[in-house]
Amino acid sequence: MSKQEKKDQTQELIKQTAKNLFFVQGKFDATTQEIADEAGVNRTLINYYFRSRDNLIQIIFDDAQKVEKEKSEIIMNSDLPFKEKISQFIEGSLSTSLQYPYLETYIVSQINKGNCRKKDIETEDLEKLYKDIEAEMELGNIEKMKPVHFILNMIALLIFPSAIRPLFMENMNVTDKEFDELISERKEIILNMLFKK
């Protein structure tokens, strides 16, 4: 293995370790020492590769935003029928929740701290989405409401379970495996709550 390959491998290890701590374990305040210990590297390597913890966090945040943007593009850029687009978005979101249970909570926590901010959806794309939702309402497929409420309902049904995962598991005596099974079962439940037919 060349020096450059080893460098790239170590840098990727640090990044994946930070993602695991933030997105999988929900340890948003993990220090550079905790990241280094988990990765099995010297803490100075984090500063060497990323210059600072803040730069590493920004890179991790950008990766998280890419995941979210890819999910949004299912709705924004597909020619599929509306319900099928929503179904695919739900499936992608639930799959992401299983892989990274704390991803959305992490993004919100970073935005609330003022560390990172990026707009995912362009105004014209959002207006088109609202028109699609209104058309489905006129067809009687969705309960009539402001289109933004449809989006809020969908996001709440998708994100809230992961946001309260530790509290829910503790109070309901649910294991990690059982919780993941619940998340896997949610697609049809969410579709049936969002659509009348």
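A salt bridge is counted here when a side-chain nitrogen of Lys or Arg lies within 4 Å of a carboxyl oxygen of Asp or Glu, and by that criterion a search of the whole structure finds 13 salt bridges. The structure is a predicted model, in which local features need pLDDT of at least 70 and side-chain atom pairs count only at pLDDT 80 or more, whereas totals for chains, interfaces and linings use all residues. Residues are numbered from 1 along each chain as its sequence is written, and side-chain values rest on heavy atoms, with hydrogens and water left out.

The protein chain contains 11 helices and 0 strands, where helices (H or I, at least four residues) and strands (E, at least two) are DSSP runs numbered from the N terminus. Read from that end, the order of elements is α-α-α-α-α-α-α-α-α-α-α. Along the principal axes, the C-alpha atoms of the chain fill a box of roughly 60 × 45 × 35 Å. Of the 197 residues, 39% are buried; buried means under 20% relative accessible area, exposed over 50%, and partly exposed in between, with a 1.4 Å probe and protein chains only. Taking a contact as heavy atoms within 4.5 Å, residues 24 or more positions apart account for 66% of the contacts with a separation of 6 or more.

The chain exposes about 11700 Å², of which carbon and sulfur atoms supply 52%, the areas coming from the Shrake-Rupley method with a 1.4 Å probe. Its side chains include 28 positive and 34 negative ones, and the centres of the two sets lie 3 Å apart; Lys and Arg count as positive and Asp and Glu as negative, while His and the chain ends are not counted.

Helix α6, which spans residues 103-112, offers a view of the interior, since its buried residues are L103, E104, Y106, I107, S109 and Q110. What covers these residues includes α1 (3-24), α4 (53-76), α5 (82-99) and α8 (147-163). After α6 comes G114, whose phi is positive, near 80 degrees.

Helix α5 also takes part in one of the salt bridges, for D132 pairs with K85, their closest N and O atoms being 3.7 Å apart. This pair links distant parts of the chain, with D132 in helix α7 (residues 123-138) and K85 in helix α5, 47 residues apart. The two partners differ in exposure: D132 is partly exposed at 22% relative accessibility, while K85 is buried, with a relative accessible area of 4%.

Another residue to follow is R165, which forms a salt bridge with D176 whose closest N and O atoms are 3.1 Å apart. Because D176 lies in helix α10 (residues 176-184) and R165 in helix α9 (residues 165-172), the pair ties together parts that are 11 residues apart in sequence. R165 is buried at 5% relative accessibility, whereas D176 is partly exposed, with a relative accessible area of 46%. R165 also forms a salt bridge with D180, where the closest N and O atoms are 3.0 Å apart. Here too the pair links distant parts of the chain, R165 in helix α9 and D180 in helix α10, 15 residues apart, and D180 is partly exposed, with a relative accessible area of 25%. Elsewhere, salt bridges that share partners join K15, K19, D63 and K66 into one network.

Terms used. The place of a charge is taken as NZ of Lys, CZ of Arg, CG of Asp or CD of Glu.
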